[in-house]
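Today I opened this model to look at its rings and at one of its pockets. Here are my notes, in the order I took them.

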Amino acid sequence: MPASNPSLLTLRQQIRDLTNHDETRHVRDLLGQLSLSESERRNISAEAIKTIELIRARHDAGMMETFLSEYGLDTDEGVALMCLAEAYLRTPDSETLDALISDKIGEGDWARHLGRASSSLVNASTWALMLTGRVFRTIPADANDMASLMHSMVQRLGEPVARTAVGEAMKILGRQFVLGRDIEEALSNAKSWVKNGYLHSFDMLGEAARTGADAKRYFLTYSNAISQIAKHANKANAHDNHGLSVKLSALHPRYETINKARIMSELVPKVAALARQAKAANIALAIDAEEADRLDISLDIFENLARDPDLGQWDGLGIVVQAYQKRAPYVLDWLISLGRELSKKSTRKFMVRLVKGAYWDSEIKHAQEMGLADYPVYTRKPTTDLSYQICAERMMRAQDVIYGQ
């Protein structure tokens, strides 16, 4: 593929330079880029409040909202439940699941939540969690009194029962976030949403190749997903059909910038093959966002796909941009410039899904371990919100080459 033009190369260098930019200076720069007036911001806030009040007036709080109002993420128990729900469906065996439950539930102070929720089902769940927590609570190795021995016996006899109970609870919780265990089930469960005008960009939870065999398995899973989604792609434009999000780290066991030459020769053909399959199916394929240190090589791969003549005139090529990264607005500048350069040859648009970001804890920890001068992500949520607004403004001003998802 041809190299980027000079202006694109300059933008890419700017993106690299801003990776760990001083946050105070960076926020000052962001504030200077705001284009909304004070009155426009007031109108937006008023409209948002009106919309939220309307939703709350028309809809009773669902089970998930009731559950989270009691077990919020500002409590240890709420964090434990979210961790457990996220990990439960990917836990390979009962022994590991017992350890997971013991770690996340065994030491929680569940009794303080008893009877406080407005829902009887949530209160019943609290009883179950409290009892399960007692079953899984750690017994000192040197305990030799009768009560401890009895407790130990109940622990051994009760673990399968507790595991089953927690398993059912986590399935209920998981259904709020996971549409299905495979693409066929997800497409089936999506039918009711489709009737109401919703579309989905499907992805897989927790995919990350550790071996070549893993990468091959994920490639085949993605390919099968495209084939299944294609059966439902009955609209003329890719934007109007379901799509697929692909994590590049699932397609190569060494997806790291240090291995760039190997990645470009081994991974790009795989992604291009999936993209061609998606184009033939008239659905969208998005390059999903990953950790900050993988952004540079992800953009290289995206540019290769964008310049691939076999993928020209296809509106389905997409990418995910994380607003919590300090580089986000400048990544959009690069995407817009690339799109406008290529628009001289075609009329397609890049699909861009703007998100807040999902790896905050690990990004902070990694930067600390590396002894970096600053972080690649913002340390305060309001700053991420500011970045999101500025990124959204950029996308709206570039609708000639950007299709905002």
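Which residue lies over the face of Tyr330? I found Arg394 there, at 5.7 Å from the ring centre. I counted a charge as over a ring if NZ of Lys or CZ of Arg is within 6 Å of the ring centre and within 35 degrees of the ring normal. Lys356 has its charged end over the ring of Tyr388, 5.5 Å from the centre.

A note on the source: this is a predicted model, where local features need pLDDT of at least 70, side-chain atom pairs count only at pLDDT 80 or more, and totals for chains, interfaces and linings use all residues. Residues are numbered from 1 along each chain as its sequence is written, and side-chain values use heavy atoms, with hydrogens and water left out.

Next I looked up aromatic pairs (ring centres of Phe, Tyr or the six-membered ring of Trp within 6.5 Å; planes under 30 degrees apart are stacked, over 60 edge-to-face, the rest tilted). The structure holds two. Trp193 and Tyr198 meet edge-to-face, with 5.2 Å between centres and 85° between planes. Trp193 is partly exposed because its relative accessibility is 43%, the range for that class lying between buried (under 20%) and exposed (over 50%), with a 1.4 Å probe and protein chains only. Tyr198, at 45%, is partly exposed too.

Phe302 and Phe350 are also edge-to-face, at 5.1 Å and 75°. Phe302 lies in helix α13 and Phe350 in strand β5, so this pair ties together parts 48 residues apart in sequence. Helices (H or I, at least four residues) and strands (E, at least two) are DSSP runs, numbered from the N terminus. I noted both Phe302 and Phe350 as buried.
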